[in-house]
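Biologist: Please take me through one part in detail, starting with how it meets its partner and then going inward. Keep to what can be read from the coordinates.

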Amino acid sequence: MRILVNGAWRETAGEQLATVLSELGYGDAVVATAINGEFVAAAVRANTPIAEGDRIEVLAPMQGG
Amino acid sequence: MLELYRTSLRSRLLLGTARYPSPAVLTEAVRASGCEVVTVSLRREAGAERAGQGFWSIIRSLGVRVLPNTAGCHSVKEAITTAHMAREVFGTTWIKLEVIGEHDTLQPDVFGLVEAATILCRDGFEVFPYTTEDLVVAERLLAAGCGVLMPWAAPIGSGRGLNNLFALKTLRAHFPQVPIVIDAGLGVPSHAAQALEIGFDAVLINTAVAQAGDPVQMAAAFARAVEAGYGARVAGPIEPRDLAAPSTPVIGTAFRG
C-alpha cells in the first residue's frame with residue numbers, strides 16, 4: 001500500500017507502524033512518530049495498524065533555538 | 001540559584017543549539033557559556049543520513065539539560081503533537097511552547113499559546129511559553145499552570161535587544177515571584193546584562209552567539225554579561241536622576257569663600 005512518510009510517498013508491505021519503520025531503516029534510531037497528526041508512542045508502534053494513504057511523521061532530535 | 005520547575009541552576013544563560021558553523025563550534029560554545037540548559041528541536045529524519053542521531057549524541061555528551069521546543073508549529077494541534085513527540089524522544093517533561101502566529105515577525109499566536117499551554121499543563125508537561133510582553137496573556141498562561149514565562153525581547157534572530165522596555169518592566173513588576181526568562185531578539189551581551197539588571201531571571205540566546213564572528217568567544221562574553229547584570233541587580237543599582245550629583249565631596253573645596 002502507499003503511505004506518505006515525512007512528506008514523500010512510499011510503497012510498504014508493512015501492516016504495523018513498527019514494521020514500516022524497520023523497513024525504512026529507522027529500526028534502532030531515536031525517533032518519535034505520529035500518524036495523521038496524532039502522536040504514536042514507541043511502546044504501541046508494534047500494535048498500531050497502518051492504512052492506505054496514512055501520513056506518517058518520523059522526527060528526530062535536531063538543532064533548535 | 002535560578003529555579004525553573006524545581007530545578008536549581010547556577011547559570012542564568014540558556015543557549016540555543018541552531019545555526020552554528022559546525023557541531024564542534026556548537027560544543028565549544030556550550031562549554032564556554034557555562035550554560036546548563038540548551039534548547040533542541042525535532043525535525044523529519046531522513047532514513048540514511050541519520051543527522052538527528054549524530055546531533056543527539058553530541059548533545060548527550062555535553063551533560064546539559066535539554067529544553068525541547070515546538071518551533072515551526074503554527075497551530076495548537078501541531079504544537080501539542082510535537083510536544084508529546086519531544087517528551088518521548090528527549091525524556092523530559094519540559095517544553096518550550098511556541099505557537100507562531102505571524103510569518104514576518106514570528107510573533108507568538110497568544111490565543112493558540114494559551115490554549116496549547118492549558119492542554120499541555122493538564123497532560124503533565126512543564127511548559128515554558130514563548131510569549132509576548134502582554135500582561136493579560138501572561139496572567140492566562142500562569143492560570144493555565146505555567147510556572148515560567150518566556151517573553152520575547154524582539155523578534156527571533158533580530159538582535160534588537162529589549163524592544164519594549166516599558167512593557168517588559170511592567171511585566172516584571174506584576175509577577176515578581178514568577179521566573180521570567182527573556183527569550184529571542186537579544187543581539188549583544190549588553191542586552192543580556194540589561195535584562196538581568198532590570199530583574200529578569202535569565203536569558204535564552206541562540207542567533208547572537210551562533211552567528212557571531214567567533215561564537216565561542218561570544219558565548220563566553222554573554223556568560224560574563226549575564227553574571228554582571230545579575231550581580232548588579234543583587235547589588236541594587238542607583239536610581240537615575242535628571243540633575244548632576246557631584247561624586248567628589250563638596251565640603252572643603254579650594255578657592256571658595
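**Chain B: the side facing chain A, and a strand inside**

Modeller: Between chain B and chain A, 19 residue pairs are in polar contact, counting pairs with both residues at pLDDT 80 or more; the model is a predicted one. The rule also finds four salt bridges across this interface. One of them joins the side chains of B:Lys77 and A:Glu38, with 2.5 Å from N to O. On the chain B side, strand E4 (37-44), helix H2 (51-62) and helix H3 (76-90) each supply at least two of the residues that touch chain A. H3(B) gives the most, with seven residues.

As for extent, 28 residues of chain B are in contact with 27 residues of chain A. Interface size is often expressed as the accessible area lost when the parts come together. Here the two chains bury about 2,400 Å² between them, and 58% of that lies on carbon and sulfur atoms. Of the area that chain B buries against chain A, 27% comes from B:Arg44, B:Met85 and B:Glu88, more than from any other three residues.

Now to the strand. E7 of chain B covers residues 126-131, and six of its six residues are buried. The cover extends to both faces: B:Glu126, B:Phe128 and B:Tyr130 are buried on one side, and B:Val127, B:Pro129 and B:Thr131 are buried on the other.

E7(B) pairs with two strands, which can be taken in turn. Strand E6 (residues 94-97) of chain B runs parallel to E7(B) and is joined to it by four bridges. In this pairing B:Leu97 stands opposite B:Pro129, a residue already listed among the buried ones of E7(B). The connection involves helix H4 (residues 110-122) of chain B: E6(B), H4 and E7(B) form a right-handed β-α-β unit.

The other pairing is with strand E8 (residues 150-151) of chain B, which is also parallel to E7(B) and is joined to it by two bridges. Here B:Thr131 of E7(B) faces B:Pro151 in E8(B). Helix H5 (residues 135-144) of chain B belongs to this second arrangement, where E7(B), H5 and E8(B) again make a right-handed β-α-β unit. E7(B) thus belongs to both units, one with E6(B) and H4 and one with H5 and E8(B).

Methods: Residues are numbered from 1 along each chain as its sequence is written. Chains are lettered from A and ligands numbered from 1 in the order in which they are written. This is a predicted model: local features need pLDDT of at least 70, side-chain atom pairs count only at pLDDT 80 or more; totals for chains, interfaces and linings use all residues. Side-chain values use heavy atoms; hydrogens and water are left out. Buried means under 20% relative accessible area, exposed over 50%, partly exposed in between (1.4 Å probe, protein chains only). Two strands pair if DSSP finds at least two bridges between them. A crossover is right-handed if, with the strands pointing away from the viewer, the path from the first strand over the helix to the second runs clockwise. Contact means heavy atoms within 4.5 Å. Buried area is the accessible area (1.4 Å probe) that two parts lose on being put together, summed over both. A polar contact is a pair of N or O atoms within 3.5 Å; within protein, one must be able to donate a hydrogen and the other to accept it, and residues adjacent in sequence count only if both atoms are side-chain atoms.
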